[in-house]
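Please look through the sequence and the structure shown below before reading on. The report that follows goes from single residues to the whole chain and back again.

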Amino acid sequence: AYVDACAAVMSHANPWFGVTVVPFVDMANHQDDEQGGPHVEFTEEDGTVIGTCLRKIAPLSEVYQSYGNLGTADLIYRYGFTRFDSAPTEQDVVSVGGEALLRVVGGYAPHDHRIEELE
């Protein structure tokens, strides 16, 4: 039960507000400007999280916030989803390990300039 409770807290802990669980902040889903934009914006001032309404919220409608202009990798890592269009953005990156890089390009370098080891 303790491990389950820890997992529940950590999966909702907000690192942008001091790694705390902030009710309501984690309940608002992301919406891009192209989809209508967020309803609220959350900021932190002197240890207090403040939600500011950016536009009218219709009764019984879902409330949206913006998670920021993040690439696919950040959205997956931080929030567990990606946008429907999934078009590559300038924030998207690919990590290549040194060993894989050496296997692919190491054999093509002139012998006297060959990379033997990456630190």
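In which helix is the place of valine 9? Valine 9 has its place in helix α1, which covers residues 2–12. The model in which we find this residue is a predicted one, and this should be kept in mind throughout the report. With a relative accessible area of 44%, valine 9 is partly exposed. On the surface, Val9 joins Met10, Val19 and Val21 in a nonpolar patch, and together these residues have about 370 Å² of accessible area.

**The chain as a whole**

The secondary structure of the chain consists of three helices and four strands, and someone reading along the sequence would meet them in the pattern α-β-β-β-β-α-α. The chain has 119 residues, of which 19% are buried. Its accessible surface comes to about 9300 Å², and carbon and sulfur atoms account for 57% of that surface. If one takes the contacts between residues at least 6 apart in sequence, 37% of them join residues at least 24 apart.

**The hairpin of β2 and β3**

Strand β2, made of residues 40–45, and strand β3, made of residues 48–53, run antiparallel and are joined by six bridges. Two of the facing positions can be named here: phenylalanine 42 stands opposite glycine 51 in β3, while glutamate 44 stands opposite valine 49 in β3. In a regular strand, the side chains alternate between the two faces of the sheet.

The two strands β2 and β3 form a hairpin with two residues between them. Aspartate 46 lies in the loop between β2 and β3, and its phi is near 55°, which is a positive value in a residue other than glycine. Because its relative accessibility is 80%, aspartate 46 counts as exposed.

**The loop between β3 and β4**

Further along the chain, leucine 60 has its place in the loop between β3 and β4, and it too may be described by its phi, which is positive at about 65° although leucine 60 is not a glycine. Leucine 60 is a nonpolar residue by the list used for patches, yet it is exposed, with a relative accessible area of 92%. Lysine 56 is also placed in the loop between β3 and β4, and at 73% relative accessibility it counts as exposed. Lysine 56 and valine 40 are 16 residues apart in sequence, and from C-alpha to C-alpha they are 9.5 Å apart in space.

**The core and strand β4**

Which residues make up the largest nonpolar core? This core has five residues in all, namely Val22, Val25, Val40, Phe42 and Val63. One of them, valine 63, touches Phe24, Ala28, Asn29, His39, Val40 and Ile57, when residues up to four places away in sequence are not counted.

Glutamine 65 lies in strand β4, which covers residues 64–65. Is glutamine 65 buried or exposed? Because its relative accessible area is 9%, which is under the limit of 20%, glutamine 65 is buried. When its neighbours within four places in sequence are left aside, glutamine 65 is in contact with Val25, Ala28, Asn29, His30, Gln31, Pro38, Val40 and Phe42. Among these partners are Val25, Val40 and Phe42, which are also members of the largest nonpolar core.

**Helix α2**

Leucine 75 has its place in helix α2, which covers residues 72–79. Leucine 75 counts as buried because its relative accessibility is 0%, and, with residues up to four places away in sequence not counted, it touches Leu70, Gly80, Phe81, Thr82 and Arg83. Alanine 73 is found in helix α2 as well, but at 41% relative accessibility it counts as partly exposed. Alanine 73 and aspartate 92 are 19 residues apart along the chain, and their C-alpha atoms are separated by 6.3 Å.

**Accessibility side by side**

The table gathers some of the residues described above.

| Residue | Relative accessible area | Class |
|---|---|---|
| Valine 9 | 44% | partly exposed |
| Aspartate 46 | 80% | exposed |
| Lysine 56 | 73% | exposed |
| Leucine 60 | 92% | exposed |
| Glutamine 65 | 9% | buried |
| Alanine 73 | 41% | partly exposed |
| Leucine 75 | 0% | buried |

Note on methods. Residues are numbered from 1 along each chain as its sequence is written. This is a predicted model: local features need pLDDT of at least 70, side-chain atom pairs count only at pLDDT 80 or more; totals for chains, interfaces and linings use all residues. Side-chain values use heavy atoms; hydrogens and water are left out. Buried means under 20% relative accessible area, exposed over 50%, partly exposed in between (1.4 Å probe, protein chains only). Contact means heavy atoms within 4.5 Å. A nonpolar core is a set of buried Ala, Val, Leu, Ile, Met, Phe, Trp, Tyr and Cys residues joined through side-chain atoms within 4.5 Å. Accessible areas come from the Shrake-Rupley method with a 1.4 Å probe; for residues, only the protein chains shown count as cover. Patches are made of residues with over 30% relative accessible area and no salt bridge: like charges are joined within 9 Å, nonpolar side chains (Val, Leu, Ile, Met, Phe, Trp, Tyr) within 5 Å. A salt bridge is a side-chain nitrogen of Lys or Arg within 4 Å of a carboxyl oxygen of Asp or Glu. Two strands pair if DSSP finds at least two bridges between them.
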